[in-house]
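Here is a set of questions and answers on one structure. Look at it first, then read on.

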Amino acid sequence: MDYEAYFASELDGVREEGRYRVFTDIKRHRGKFPHATRFVEEGTQAVTVWCSNDYLGMGQHPTVIEAMHDCLDECGAGAGGTRNISGTNHYHVELEAELADLHGKEAALLFTSGYVSNWAGLGTLASKIPGCVVFSDALNHASMIEGIRHSRAPYKIWKHNDPEDLDRMLSEFGPEVPKLVAFESVYSMDGDIAPIAEILDVCEKHGAMSYIDEVHAVGLYGPRGGGIAEREGLMDRITVIEGTLGKAFGVMGGYIAASSNLVDFVRSFASGFIFSTALPPAVAAGAAASIRHLKASDEERDAQKDRVRQVRRKLDIMGIPHLDNPSHIIPVMVGDAHKCKRISDWLMDNHGIYVQPINYPTVPVGTERLRLTPSPVHSDGDIDALITALSEIWSQCELARMATAA
Ligand SMILES: *Cc1c(COP(=O)(O)O)cnc(C)c1O
């Protein structure tokens with residue numbers, strides 16, 4: 001086989017479908033985010049990032065950075081091993097205690113990313129509980145889907161955010177069948193939020209375990225940043241809460257929080273946990289500092305809500321269509337893959353505004369969009385520049401506007 005020719009022709013196919021990914025090469029500057037420098041062939045360009053998942057700017061928070069510097073100087077660069085073989089640093093242990101406390105659970109377990117925590121967490125539970133059947137929300141993240149598939153357990157996909165459909169599916173299985181229901185709280189592309197209480201009612205009725213991905217909610221919602229389940233007083237009813245340290249917490253890593261026995265079970269059987277080097281201690285120290293800060297401070301959450309409101313209000317004034325949702329994610333709807341890419345390129349080239357176009361297969365064809373994530377670090381000036389530029393391109397591309405807000 002001509003391997004090189006095969007790779008090249010497959011890539012051509014991706015390009016023809018308009019799905020080829022070109023990464024934007026930037027340097028974020030500590031203290032200046034969302035402002036960054038973009039690297040292009042001709043040189044560099046100053047840009048404002050509008051599509052980051054560093055939702056609260058914690059990636060540059062002085063407390064987080066100081067904790068990381070101190071730990072790096074104290075402990076050195078890497079963990080030096082898997083958790084079982086010399087790699088458990090005291091900073092990991094402290095971080096796991098912080099996470100268990102955040103979610104009101106007995107224990108928590110760290111992974112190298114949120115992706116791995118879902119893949120290994122769901123994969124281990126579904127494969128190691130004999131006869132387990134998984135019930136997965138139709139819009140679950142790739143990491144959950146891969147974990148479920150990898151488990152080889154039978155699975156059913158229930159209609160997105162539809163507890164009645166879930167109820168019907170669970171009813172097909174007797175009380176003796178172990179069941180695992182997997183869903184998210186805030187869905188990242190539409191920014192909609194699951195009816196968690198209703199889903200838990202259904203889970204409890206059928207004796208099913210519940211597994212929630214709060215990746216887009218931890219740090220952001222609830223009085224201590226414990227997520228939507230904390231805000232709604234539901235954490236104690238959920239079997240497993242999964243989250244990331246890489247989005248609102250601004251660092252890197254993933255975790256699950258649950259009962260001591262469940263966490264010990266995953267710790268003891270999950271290949272993706274056991275056979276992988278532990279996170280660098282400085283990363284754990286930074287994440288713990290970020291979590292501690294956000295447990296005590298509403299300042300960042302309040303400022304983010306204000307920024308989100310401002311952007312929505314100004315989009316409304318200009319009649320630029322965006323999905324109405326109860327979260328911090330603002331999907332500006334374009335509805336055409338080529339236009340979406342063109343708008344994104346134009347914003348970058350002419351205004352230094354960086355918003356990644358979101359096209360198929362990440363979202364359904366016809367719902368192509370720009371996903372805006374306003375954060376406390378976006379100034380009024382940044383917002384005005386964004387809205388003015390969007391309005392200009394909206395006219396140029398002859399895109400439909402909504403009736404403008406009174
Ligand atoms: C980003 C994401 C993950 C993965 O988290 P990482 O820490 O980035 O690996 C898991 N679930 C959802 C819904 C996500 O959007």
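The turns below cover the ligand site, charged pairs and some backbone details.

This is a predicted model, in which local features need pLDDT of at least 70 and side-chain atom pairs count only at pLDDT 80 or more, while totals for chains, interfaces and linings use all residues. Residues are numbered from 1 along each chain as its sequence is written, and side-chain values use heavy atoms, with hydrogens and water left out.

Q: Which residues come nearest to the ligand?
A: A residue is near a molecule if one of its heavy atoms lies within 4 Å of it. The ligand has 13 residues around it. Those that come nearest are G114, D213, H216, T244 and K247.

Q: How far is a polar side-chain atom of K247 from an oxygen atom of the ligand?
A: A polar contact is a pair of N or O atoms within 3.5 Å; within protein, one must be able to donate a hydrogen and the other to accept it, and residues adjacent in sequence count only if both atoms are side-chain atoms. D213 places a polar side-chain atom 2.7 Å from a ligand nitrogen. An N or O atom in the side chain of H216 is 2.5 Å from a ligand oxygen. For K247 and a ligand oxygen, the distance is 2.8 Å.

Q: How much of the ligand's accessible area does the protein cover?
A: Accessible areas come from the Shrake-Rupley method with a 1.4 Å probe; for residues, only the protein chains shown count as cover. On its own, the ligand has 380 Å² of accessible area. The protein covers 83%.

Q: Which helix gives the most residues to the shell around the ligand?
A: Helices (H or I, at least four residues) and strands (E, at least two) are DSSP runs, numbered from the N terminus. The helix in question spans residues 114-128 and gives three residues. It is α5.

Q: How many residues of the ligand shell are charged?
A: Ala, Val, Leu, Ile, Met, Phe, Trp, Tyr, Cys and Pro count as nonpolar, Asp, Glu, Lys and Arg as charged, and the others, Gly among them, as polar. The shell has two nonpolar and eight polar residues. The charged ones number three.

Q: Which backbone nitrogen does the side chain of E184 reach?
A: E184 lies in strand β7, residues 179-184. E184 is buried (under 20% relative accessible area; exposed is over 50%, partly exposed in between; 1.4 Å probe, protein chains only). No salt bridge (a side-chain nitrogen of Lys or Arg within 4 Å of a carboxyl oxygen of Asp or Glu) is formed by E184, and K247, the nearest side chain of opposite charge (Lys and Arg positive, Asp and Glu negative; His and the chain ends not counted), is 8.1 Å away. At 2.7 Å, the side chain reaches the backbone nitrogen of H141.

Q: How many residues apart along the chain are E98 and K295?
A: E98 forms a salt bridge with K295, with the closest N and O atoms 2.5 Å apart. E98 is in helix α4 (residues 90-103) and K295 in helix α12 (residues 281-296). The pair links distant parts of the chain, 197 residues apart.

Q: Is K295 buried or exposed?
A: Its partner E98 has a relative accessible area of 14% and is buried. K295 has 10% relative accessibility, so K295 counts as buried.

Q: Which residues are linked with E98 and K295 in a network of salt bridges?
A: Side chains of opposite charge can pair when their charged atoms come close. By the salt-bridge rule, the count comes to 23. The network joins E98 and K295 with D101, R224 and R292.

Q: What is the N to O distance in the salt bridge of D306 and R307?
A: D306 is partly exposed, at 26% relative accessible area. R307 is buried, at 11%. Their side chains meet at 3.0 Å.

Q: Which helix holds D380, a salt-bridge partner of R307?
A: The closest N and O atoms of D380 and R307 are 2.9 Å apart. R307 lies in helix α13 (residues 299-318), and the pair ties together parts 73 residues apart in sequence. D380 lies in helix α15.

Q: What is omega for the cis peptide bond from F33 to P34?
A: P34 lies in the loop between β1 (26-28) and β2. The omega value is near 20 degrees.

Q: What is phi of S86?
A: S86 is found in helix α3, residues 83-87. S86 is exposed, with a relative accessible area of 62%. Phi is positive in this residue other than glycine, near 75 degrees.
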